[in-house]
Amino acid sequence: MGSVYVDALPFLGFNRNINKAFRTLPSEYQGIGLKHWCIEKLGKDVSVLLRHWQSDSTLGMALQFVYEAFVMEIGLDGNVFTRSFQQLQHLATHSWFKILWQYADKYDLSITFAPRFNIGPSAELEMSRLWKSFLPPATQQH
């Protein structure tokens, strides 16, 4: 998104080389007040989770099914969001939960689900224990 701002800022009357902190600083603090898109997206995604998780709505049930598939795809038990995205991103295909994991890791946000959602599939529990033996200590849950 930075390149869009670089191209658009001169047309808005601002120097294109302005620091990112001043671009996203609210105008009452003498900034431009442009949005920080990664933070905006992370906030909206967390808002969707808070509103719909464990609800009987279609979106709530879809989120739970997709999360379970996401955890099964990665193949590790426990809360995936407490693990390093940089180390383990190759285990997941591109999805809404992978992007949420990426931004949560980038901004050091802790996302915790009820314990019943922090499990690996029981049939694959032994496989996940085997996986842990191959992971370097830095990628273990923290």
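These legends walk through several close-up views of a predicted model.

**View 1. The whole chain, built from helices.** Start with the overall picture: the chain has seven helices and zero strands. Going along the sequence, the pattern reads α-α-α-α-α-α-α. Of the 142 residues in the chain, 34% are buried. The accessible surface adds up to about 9,200 Å², and carbon and sulfur atoms own 59% of that. As for how the chain folds back on itself, take the contacts with a separation of 6 or more: 54% of them link residues 24 or more positions apart.

**View 2. Helix H3 crossing helix H6.** Here we zoom in on H3 (residues 37-52) and H6 (residues 96-106), whose axes come within 10 Å and cross at roughly 120 degrees. That angle falls outside the 65 to 115 range for roughly perpendicular and is not over 145, so the pair counts as oblique. The crossing is left-handed. On the H3 side, look for Cys38, Lys41, Leu42, Asp45, Val46, Val48 and Leu49. They meet Trp96, Phe97, Ile99, Leu100, Tyr103, Ala104 and Lys106 in H6. Sorted by class, this contact has eleven nonpolar and three charged residues, with no polar ones.

**View 3. The buried residues of helix H6.** Staying with H6, this view picks out Phe97, Lys98, Ile99, Leu100, Trp101, Tyr103 and Ala104, which are buried. Note that a lysine, Lys98, is on that list. What do the buried residues of H6 pack against? Their partners are H3, H4 and helix H5 (85-88). When you trace side chains along a helix, keep in mind that an α-helix has 3.6 residues a turn, so residues three or four places apart point the same way.

**View 4. Helix H3 packing on helix H4.** H3 also packs with H4 (residues 58-74), this time at an angle of about 110 degrees and with the axes 9 Å apart. Angles from 65 to 115 degrees count as roughly perpendicular, so that is the label for H3 and H4. From H3 come Val48, Leu49 and His52, and from H4 come Leu59, Gly60 and Leu63. The split here is four nonpolar and two polar residues, with no charged ones. Val48 and Leu49 may look familiar, as they also turn up in the contact of H3 with H6.

**View 5. Histidine 52 in helix H3.** Is histidine 52, a residue of helix H3, buried or exposed? Histidine 52 is buried, because its relative accessible area is 18% and the cut-off is under 20%. Leaving out neighbours within four places in sequence, histidine 52 is in contact with Ser57, Leu59, Gly60 and Leu63. Among these, Leu59, Gly60 and Leu63 belong to H4.

**View 6. Glutamine 54 in the loop after H3.** Now move into the loop between H3 and H4, where glutamine 54 is found. Glutamine 54 isn't a glycine, yet has a positive phi of about 60 degrees. With a relative accessible area of 43%, glutamine 54 is partly exposed.

**View 7. Aspartate 108 just past H6.** The last stop is aspartate 108, in the loop between H6 and helix H7 (125-134). Just after H6, aspartate 108 takes a positive phi of about 55 degrees, another case of a positive value in a residue other than glycine. How exposed is aspartate 108? The relative accessible area of aspartate 108 is 70%, so this residue counts as exposed.

Terms used. Residues numbered from 1 in each chain as written. Predicted model: local features only at pLDDT ≥ 70, side-chain atom pairs only at ≥ 80, totals over all residues. Heavy atoms only, no water. Axes fitted to C-alpha atoms, helices over the stretch in contact; angles between N-to-C directions. Helix = DSSP H or I, 4+ residues; strand = E, 2+ residues; numbered from the N terminus. Parallel < 35°, antiparallel > 145°, perpendicular 65-115°, else oblique. Left-handed = near helix turned anticlockwise from the far one by under 90°. Contact = heavy atoms within 4.5 Å. Nonpolar A, V, L, I, M, F, W, Y, C, P; charged D, E, K, R; others polar. Buried < 20%, exposed > 50% of the residue type's maximum accessible area, 1.4 Å probe, protein only. Areas by Shrake-Rupley, 256 points an atom, 1.4 Å probe, with all protein chains shown as cover.
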